[in-house]
Protein chains: 2
Amino acid sequence: MVDQSTIAAISTSPGVGAIAIIRLSGENAIRIADKIFKSPKGGKVLVEQPANTVHFGHIIFNEEIIDEVIVTIFKVPHSFTGENSVEIACHGSVFIQQKILEILVESGARLALPGEFTQRAFLNGKMDLSQAEAVADVIASSNAAAHKLAINQMRGGFSKEINDLRKQLLHFTAMVELELDFAEEEVEFADRTALRNLTEKIEILLRNLKDSFQLGNAIKNGIPVAIIGETNVGKSTLLNALLNEDKAIVSEIHGTTRDVIEDVINIKGNAFRFFDTAGIRDTEDYIENLGIERSYSKLEQATVVLLVVDTENPYPIIKGRIDKIRERIVQDQTLIIVANKIDSGLNETIQQLEVLDLTDNEKVVFIAAKQKQNLEELIDFMTAAINFDLANQQDVIVTNARHFEILKNAHEAILRVLNGLDSGITGDFLAQDIRECLHYLGEITGEISSDEVLGHIFKSFCIGK
Amino acid sequence: MVDQSTIAAISTSPGVGAIAIIRLSGENAIRIADKIFKSPKGGKVLVEQPANTVHFGHIIFNEEIIDEVIVTIFKVPHSFTGENSVEIACHGSVFIQQKILEILVESGARLALPGEFTQRAFLNGKMDLSQAEAVADVIASSNAAAHKLAINQMRGGFSKEINDLRKQLLHFTAMVELELDFAEEEVEFADRTALRNLTEKIEILLRNLKDSFQLGNAIKNGIPVAIIGETNVGKSTLLNALLNEDKAIVSEIHGTTRDVIEDVINIKGNAFRFFDTAGIRDTEDYIENLGIERSYSKLEQATVVLLVVDTENPYPIIKGRIDKIRERIVQDQTLIIVANKIDSGLNETIQQLEVLDLTDNEKVVFIAAKQKQNLEELIDFMTAAINFDLANQQDVIVTNARHFEILKNAHEAILRVLNGLDSGITGDFLAQDIRECLHYLGEITGEISSDEVLGHIFKSFCIGK
């Protein structure tokens, strides 16, 4: 089933570094490395060396020394891919990296596809599919929370959860099928109450997993934060102050920011995905109106909404805007009213905002974005708004959109079982829905997979992994 | 003499990759790695493992698994630095790389300075100073020729040349000092003719080395090519066609390119450093005149001058420009007249250019830069203009500005010896100049060095090397 060719790729980050790693995997990996490698002391050739050893020598091609390298040998099945593998650590010049890759191809290897090393590890049974997918997440994770989830999934935490679920489902099937065996005797072997309790338990497990995706996705991709407000109140300035760089255009002209700009920044170990939005104001500019429409749609997607108001304006105007936004805030969202420009704001406005009546999911914070005043308090409010403590989060959290889709299907199947029990359908129909549920879970771990699915999963990997 | 602390750095190219390498070196390198590394099978700790072996396991900190890694152990003196060393191959997320580095620092390592691994290799006698310097050149080399020179220097080719020179100088000193021993007897032991022959031989060797720097520098940094011509003849278009990208601004407005743009591209294994220059025309724009001035100054620095002319213009205008540039071309320069826009040019102009009288260091090539027509012939002319064949270049070529400065000093000292021989000064004066010459050569290989010199050399290295 696994392609027997030997694949090669540069596995370190592209560009110049002190060291770069070129990776080879496949039946002939060590033989191919041997063709171009020469130890200065003579000594044994690589194929005669034991596994898990490193060797200093030269990469030589057409009698020319290309580089001094360290070669590491791994042997089947004790390697990442489960195949014979070689890692060549060369000097990190782009020229040398490319040259060695070229020479390897001329010597019998072929260029690896994205994620092909990990795909082989999966196909050779070194990890299940959800673990393989986690490898990409581990590499991509840019904050402590996402990293922790990805490492847990790569190490099989999620697989264990799925396998526990499978066990429960198999127990259910066993009970139902026992009943089917005695069908002629019209005995209800499986106590309907016990069966219902078990189904409810499985339904809760599946629902929790499915529901954890919202959090998982927020951790992986950043908690969505919309920055909204009238034009010129300092939304872009605030974003820039938070980003500490200048990605958004800040100018004195009203309506500068027509496009929704997205930026992810890590604050206190959490990733926030900021949507800077077009200012909301009455305008006849068609394009700008489109931008405002988009602002509102982004508002719906946000977990935290920062409504920026300019304290230089009279309070009634600001209050009007706050009320308008409040109408759009739903239960799970946190609205933070960011009273900006307090250095130059109207006393009256600031005083009124200070005594504004707030609901449980509302906060007011007074800042001066340009002077970076009081941003710390804003950040504290934002962090508090997420309201999760990963350290105390015992359950597995789903972070992968593919898993989420599958879990939704599995959950629907188990709901059909529950309905079936209520309407008193026969055991064989119940068993069918359970088998469907089992099938879905198999897709997560890769026990059931197609080339198409695998192709789709691994094409998003980087080359060399 | 060598700092005994254990240093740590990320040694692969910065950014996200499949794999990243974190390097540790120093007496406690393996002990520090042991503190944070745990093998899943239990088994021996790292300090008990043999040298040159690799080990799979986890980096653990505060009971949390940071990553699954492969750790390679090197032991004193058989490592790059000559010290105990550890290389940790982790997943290439920036978060993980930074985290592991942090943990290593908390466990007793300190962050390495730029080039500190190579500096330790030098201080521990694993390589001489010119070899250490070549390590940086190997990493920076972006074309076949520069790479070949750097690898040769790193492998000690240049050191051998310097040592041969030292031997000759010591032979000279021996002859002179023998004479000094018998000074009272007024015997001229060292035959003045033999002495003169030897000095001349040394002088030639030093001169050749010194003179090779022009070529070496061109190979290392790119052969300087000036693109010059009137505004709007298509200089930027030509550069872009050669670069196959759009770094220069190309527009219909005369005088767009005010700044000299430099770009290095590799053509047929040679690096060319292109200077796109402001168009030469009569203008009263002060800023633009400054640009034109700069164009002329760049002309002097070029090995190859590409004079781009627009064949849509009448021949006399073009001839006038050619004659003006010819005045500025010196002996070692090659002038290539690039007749552009041949798709829309005047027949009369093209015909006249075809029969233009040319000197040995002049060429005419007919192209259409916009359509990328006939660029191949232009490239052939440029390549021919460099007039060196590295494969047949037997001698060592100096590429390092520091070495060049030292060789100039050494050469001046040997010229003083020659003059001394001519004017008949005594042996002890001759010996003094020879000792000065020996001193300089020692600075190249690092037998004579100061902290200041070392600091200056290694600070230009990347961190992790």
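This report describes a predicted model, taking up in turn the relation of its two chains, a helix, a set of strands and some backbone features.

## Relation of chains A and B

In general, two copies of a chain are related by a rotation about an axis and a shift along it. Here, a turn of 180° together with a shift of 0.2 Å along the axis lays chain B on chain A with an RMSD of 0.2 Å, which is the relation of a two-fold axis. Within chain B, the residue that comes closest to this rotation axis is Thr53(B), whose C-alpha lies 2.2 Å from the axis.

The interface can be described in the same terms: 100% of the interface residues of chain B are also interface residues in chain A, so the copies meet through the same surface.

## Helix H2 of chain A

Helix H2 of chain A covers residues 94-106, and its 13 residues, at 1.5 Å a residue, should span 18 Å; the C-alpha atoms at its ends are in fact 18 Å apart, so the expected and computed values agree. The buried residues of H2(A) are Ile96(A), Gln97(A), Ile100(A), Leu101(A), Ile103(A) and Leu104(A). Because these buried residues fall within an arc of 160° when H2(A) is seen down its axis, they line one face of the helix. After the helix comes Gly108(A), which has a positive phi near 120°.

Leu104(A), which is placed in H2(A), has a relative accessibility of 0% and therefore counts as buried, the cut-off for that term being under 20% relative accessible area. Apart from its neighbours within four places in sequence, Leu104(A) is in contact with Ala8(A), Ile22(A), Leu24(A), Ile32(A), Ile36(A), Ile88(A) and Ala109(A). By contrast, the C-alpha atoms of Leu104(A) and Asp422(A), which are 318 residues apart along the chain, are separated by 64 Å.

## Strands S3, S4 and S5 of chain B

In chain B, strand S3 (residues 37-38) and strand S4 (residues 53-61) run antiparallel and are joined by two bridges, with Phe37(B) having Ile59(B) as its bridge partner in S4(B). S4(B) also pairs with strand S5 (residues 64-74) of chain B, again in the antiparallel sense, and this pairing extends over nine bridges. Thr53(B), already named for its place beside the rotation axis at 2.2 Å, stands opposite Ile73(B) in S5(B).

The hairpin formed by S4(B) and S5(B) has two residues between its strands, and in this hairpin Asn62(B) takes a positive phi near 50°.

## Backbone features in both chains

As background to the torsions that follow, most residues other than glycine have a negative phi, and most peptide bonds are trans. Asn62(A), although it is not a glycine, has a positive phi of about 50°; Asn62(A) lies in the loop between strands S4 and S5 of chain A and is exposed, with a relative accessible area of 68%. In chain B, phi of Asn62(B) is likewise positive, near 50°, and Asn62(B), in the loop between S4 and S5 of chain B, is exposed with a relative accessible area of 66%.

Each chain also has a cis peptide bond before a proline. The bond from Val76(A) to Pro77(A) is cis, with omega near -5°, and Pro77(A) is found in the loop between strand S5 (64-74) and strand S6 (85-91) of chain A. The bond joining Val76(B) and Pro77(B) is cis as well, with omega about 0°, and Pro77(B) is placed in the loop between S5 and strand S6 (85-91) of chain B.

How values were computed
Residues are numbered from 1 along each chain as its sequence is written. Chains are lettered from A and ligands numbered from 1 in the order in which they are written. This is a predicted model: local features need pLDDT of at least 70, side-chain atom pairs count only at pLDDT 80 or more; totals for chains, interfaces and linings use all residues. Side-chain values use heavy atoms; hydrogens and water are left out. Helices (H or I, at least four residues) and strands (E, at least two) are DSSP runs, numbered from the N terminus. The expected span of a helix is 1.5 Å times one less than its number of residues. Buried means under 20% relative accessible area, exposed over 50%, partly exposed in between (1.4 Å probe, protein chains only). The arc is that of the directions from the helix axis to the C-beta atoms. Contact means heavy atoms within 4.5 Å. Copies are superposed by least squares on the C-alpha atoms of residues with pLDDT of at least 70 in both. Two strands pair if DSSP finds at least two bridges between them.
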